[in-house]
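Biologist: I'm new to this one, so please go slowly. Could you take a close look at the charged side chains and tell me who pairs with whom?

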Amino acid sequence: VVVRSAADGMEAMAAIDRTKPDLLVLDLRMPKADGFAVLEHLQKNNPDVPVVVLTNYDTADYREKCTMSGVKEYMVKHKMPLQAIFERVTSYVG
């Protein structure tokens, strides 16, 4: 498994276009472009890439927007132990 990271939303979109990932683990709050901008970009350019959102925002609005954008799973960081997050994310790549 190759893991890549991005410092902000713009960098994430460029990396997605360059690498065509098998899975995207996405935060919603990022500088330069938020996670929703990244999701929109992904829907237009790489709609088959599965997305797992990992955020601290536990709102119905965010969950609904993510569901409408095709997100496979929405995880709230502060409500899950790290091991559970790891297990859920790795279940998408193996």
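Modeller: Let's begin at Arg63, which is partly exposed, with a relative accessibility of 33%. Keep in mind that we're looking at a predicted model. The partner of Arg63 is Asp58: their side chains come together in a salt bridge, with 3.1 Å from N to O. Asp58 is partly exposed too, at 32% relative accessibility. For scale, the cut-offs put "buried" under 20% and "exposed" over 50%, so a residue at 32% falls in between. The story there doesn't stop at two residues, either: Lys79 joins Asp58 and Arg63 in a network of salt bridges.

How many salt bridges turn up in the whole structure? A full search gives 6.

Now hop over to Lys32, which makes a salt bridge with Asp8, and here the closest N and O atoms sit 3.6 Å apart. Lys32 belongs to the loop that runs between strand 1 (24–26) and helix 2 (35–45), while Asp8 is in the segment before helix 1 (9–19), so this pair ties together parts 24 residues apart in sequence. The two ends also have quite opposite labels. Lys32 counts as exposed, at 68% relative accessibility, whereas Asp8 is buried, with a relative accessible area of 8%.

Next up is a pair inside helix 2. Glu40 and Lys44 form a salt bridge, and their closest N and O atoms are 3.3 Å apart. What separates these two along the helix? About one helical turn, because they are 4 residues apart in helix 2. Lys44 is exposed, with 62% relative accessible area; Glu40, at 44% relative accessibility, is partly exposed.

Charged residues show up in one more place, the largest pocket, where they make up 5 of the lining residues, next to 16 nonpolar and 3 polar ones. That pocket holds about 810 Å³ of space. Its lining counts 24 residues, and those nearest the centre are Val3, Arg4, Leu23, Leu24 and Val25. If you want to find the walls by element, look at helix 1, strand 1 and helix 4 (82–90), each of which gives at least two residues to the lining. Helix 1 has the largest share, with 4 residues.

So, as a path through the structure, try the Asp58 and Arg63 pair with Lys79 linked in, then Lys32 with Asp8, then Glu40 with Lys44, and finish at the pocket around residues such as Arg4.

Methods: Residues are numbered from 1 along each chain as its sequence is written. This is a predicted model: local features need pLDDT of at least 70, side-chain atom pairs count only at pLDDT 80 or more; totals for chains, interfaces and linings use all residues. Side-chain values use heavy atoms; hydrogens and water are left out. A salt bridge is a side-chain nitrogen of Lys or Arg within 4 Å of a carboxyl oxygen of Asp or Glu. Buried means under 20% relative accessible area, exposed over 50%, partly exposed in between (1.4 Å probe, protein chains only). On a 1 Å grid over the protein atoms alone, a cavity is a set of points where a 1.4 Å probe fits but cannot get out, and a pocket is an open set with protein on both sides within 12 Å along at least five of seven lines; lining residues have an atom within 4 Å of a point. Grid points are joined across faces, edges and corners, and a volume is the space filled by probe spheres set on the points. Ala, Val, Leu, Ile, Met, Phe, Trp, Tyr, Cys and Pro count as nonpolar, Asp, Glu, Lys and Arg as charged, and the others, Gly among them, as polar.
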